[in-house]
Amino acid sequence: MNLSKTYRVGRQAIPAVHGVTLDVPDGKIVTLLGPSGCGKSTTLRCIAGLERPDDGEIFFDQRPLFSRARGIAVPPEQRNVGMVFQSYAIWPHLTVFQNVAYPLQVRRLPPRQIAERVREVLVLVGLSGLEDRPGPYLSGGQQQRVVLARALVYRPEVLLLDEPLSNLDAKVREQVREELRSLQRRLGITTLYVTHDQLEALGLSDVVAVMQAGGIVEMGSPQDLYARPAHPFTASFLGEISFISGTAASADGEMVEVLTSCGLLHSLRSERSLAGKPVVAGVRPEHVRLSRDRPRDQTNVLEGTVVSSLFEGTRVKCRVAVGDVTLLAYGDELFTLDERLYASIEPKHLMLLPHLAR
Ligand SMILES: Nc1ncnc2c1ncn2[C@@H]1O[C@H](COP(=O)(O)OP(=O)(O)OP(=O)(O)O)[C@@H](O)[C@H]1O
Ligand SMILES: [Mg+2]
């Protein structure tokens, strides 16, 4: 809660995290999503007890783990968290069994219990049968599962995962991501996950917290943040989007009129009142319909010129210049360069966001 951390290197102060407040509900998976250097790892390391925050408090349920005001700082080994680090490593001179057993040996469990727990957790991550395999003779995805097993084997209350899939290639990453999600659900283990990959965050999380420059910009369910973000940064970080700046007029019934450089547009009214304010209207490429003929009965129709049209297998990615704005559209038709066409956007798909000065 209200966590802050500034690194000091010599005389230099590097502010990493300021005023981060976050709640990870029991059994849920919450993701910190943000660009490189925004303070994700620092937040995680503070929770694990590997960094000492300058200010704030950290609780597991009611138990305080850190409180600057009360002078509490529980050492990492007493926090009962499992952590997978950003640059993970399995120990190459040890077998799968020995790698996973290590945290239990450190905790001095009797050998029979160790054998049993390791067997259990290897079944869980789908590695049974590979106990005696030396670390280097495993695929990337298998090594990743060893690391995960090592974090799970002592049954932590909370799992902290710092970009655990970033070392894997795209296909394996997707597979391990799905496995991780179902494992987390089955175990019901409270998890805080860190990534800069928006697809990973959207696919894995119950709640996503978007971070920028050491703070949390916005939190919500993946669906809400994607479809109804409150901040332009969230909107653009979670997926492709085109922005048109303008000014919101007052709402007329269900619709809000927006005066833009591309003409008058309409957006569905939301609970946020932006009347009279500078706004950006955002639209996701899957919601921009392109056609050669002017569509009838459409509210927002823009006339433009094709800047690019690329076949990408499952879709055609098209950029259309409309006045001083370039709209990105996904469709199934290829267009030719400089072709004149119409882009239409349903009012419910035109998001209105506050125009924030940079
Ligand atoms: N040990 C350290 N000493 C000094 N500065 C640090 C240290 N670790 C991180 N920083 C700085 O703190 C800020 C936040 O770093 P952090 O590692 O938390 O970012 P991140 O969001 O995890 O980024 P990435 O996605 O690249 O892993 C950055 O400006 C970084 O340079
Ligand atoms: Mg990091």
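**Strand pairing, burial and salt bridges in a predicted model**

Strands E13 (residues 255-260) and E14 (residues 263-268) run antiparallel and are joined by six bridges. The structure described here is a predicted model. Within this strand pair, Val256 stands opposite Ser267 in E14. The connection from E13 to E14 is a hairpin of two residues.

The protein chain as a whole contains eight helices and 21 strands. Its C-alpha trace spans about 75 × 50 × 40 Å along the principal axes. Of the 358 residues, 47% count as buried. The exposed area of the protein chain comes to about 18400 Å², with carbon and sulfur atoms supplying 49% of it. Among contacts between residues at least 6 apart in sequence, 64% join residues at least 24 apart.

A further set of strands forms an open sheet of five, in the order E16-E20-E17-E18-E19, with antiparallel pairing. Its edges are strand E16 (289-291) and strand E19 (325-331), each of which pairs on one side only. On average, and with direction ignored, neighbouring strands of this sheet are turned by 40° against each other. The pairing of strand E18 (residues 316-322) with E19 is antiparallel and extends over seven bridges; Val322 stands opposite Val325 in E19. In general, the strands of a sheet pair through backbone hydrogen bonds, in either a parallel or an antiparallel arrangement.

Strand E20 (residues 340-345) of this sheet contains Ser344. Ser344 counts as buried because its relative accessibility is 5%, under the 20% limit for that class. Residues up to four places away in sequence aside, Ser344 touches His287, Val288, Arg289, Pro295, Gln298, Asn300 and Val301.

Salt bridges were searched for over the whole structure, and 14 were found. One of these is formed by Arg63 and Glu157, with the closest N and O atoms 3.6 Å apart. The pair links distant parts of the chain, 94 residues apart: Arg63 lies in strand E5 (residues 63-67), and Glu157 in the loop between H4 and strand E8 (158-162). Arg63 counts as partly exposed at 34% relative accessibility, and Glu157 likewise counts as partly exposed at 34%.

A salt bridge also joins Arg340 to Glu303, where the closest N and O atoms are 3.3 Å apart. Arg340 belongs to strand E20 and Glu303 to strand E17, so this pair ties together parts that are 37 residues apart in sequence. Glu303 is partly exposed, with a relative accessible area of 37%. Arg292, Glu333 and Glu339 are joined into one network by salt bridges that share partners. Within that network, Glu333 forms a salt bridge with Arg292, and the closest N and O atoms are 2.6 Å apart. This pair too links distant parts of the chain, 41 residues apart, with Glu333 in the loop between E19 and E20 and Arg292 in the loop between E16 and strand E17 (300-311). Both partners are partly exposed, Glu333 with a relative accessible area of 37% and Arg292 with one of 39%.

Cys38 is located in the loop between strand E3 (29-33) and helix H1 (40-48). With a relative accessible area of 2%, Cys38 is buried. Apart from neighbours within four places in sequence, the contacts of Cys38 are Ala16, Met211, Gln212, Ala213, Gly214 and Gly215. The C-alpha atoms of Cys38 and Ala209 are 12 Å apart in space, while the two residues are 171 apart in sequence. Helix H1 is mostly covered, seven of its nine residues being buried. These are Lys40, Thr42, Thr43, Leu44, Cys46, Ile47 and Ala48. Just after H1, Gly49 takes a positive phi of about 90°.

In helix H2, the buried residues include Val96, Asn99, Val100, Ala101, Pro103 and Leu104. Helix H3 (111-124) and helix H4 (140-152) are among the elements that cover the buried residues of H2. Arg108, just after H2, takes a positive phi of about 60°. Trp91 is found in the loop between strand E7 (81-84) and helix H2 (96-106), and at 31% relative accessibility Trp91 counts as partly exposed. Together with Tyr102 and Val106, Trp91 makes a nonpolar surface patch of about 280 Å².

Notes
Residues are numbered from 1 along each chain as its sequence is written. Chains are lettered from A and ligands numbered from 1 in the order in which they are written. This is a predicted model: local features need pLDDT of at least 70, side-chain atom pairs count only at pLDDT 80 or more; totals for chains, interfaces and linings use all residues. Side-chain values use heavy atoms; hydrogens and water are left out. Helices (H or I, at least four residues) and strands (E, at least two) are DSSP runs, numbered from the N terminus. Buried means under 20% relative accessible area, exposed over 50%, partly exposed in between (1.4 Å probe, protein chains only). Contact means heavy atoms within 4.5 Å. Patches are made of residues with over 30% relative accessible area and no salt bridge: like charges are joined within 9 Å, nonpolar side chains (Val, Leu, Ile, Met, Phe, Trp, Tyr) within 5 Å. Accessible areas come from the Shrake-Rupley method with a 1.4 Å probe; for residues, only the protein chains shown count as cover. A salt bridge is a side-chain nitrogen of Lys or Arg within 4 Å of a carboxyl oxygen of Asp or Glu. Two strands pair if DSSP finds at least two bridges between them. Axes are lines fitted to C-alpha atoms, for helices over the stretch in contact, and angles run from 0 to 180 degrees between N-to-C directions.
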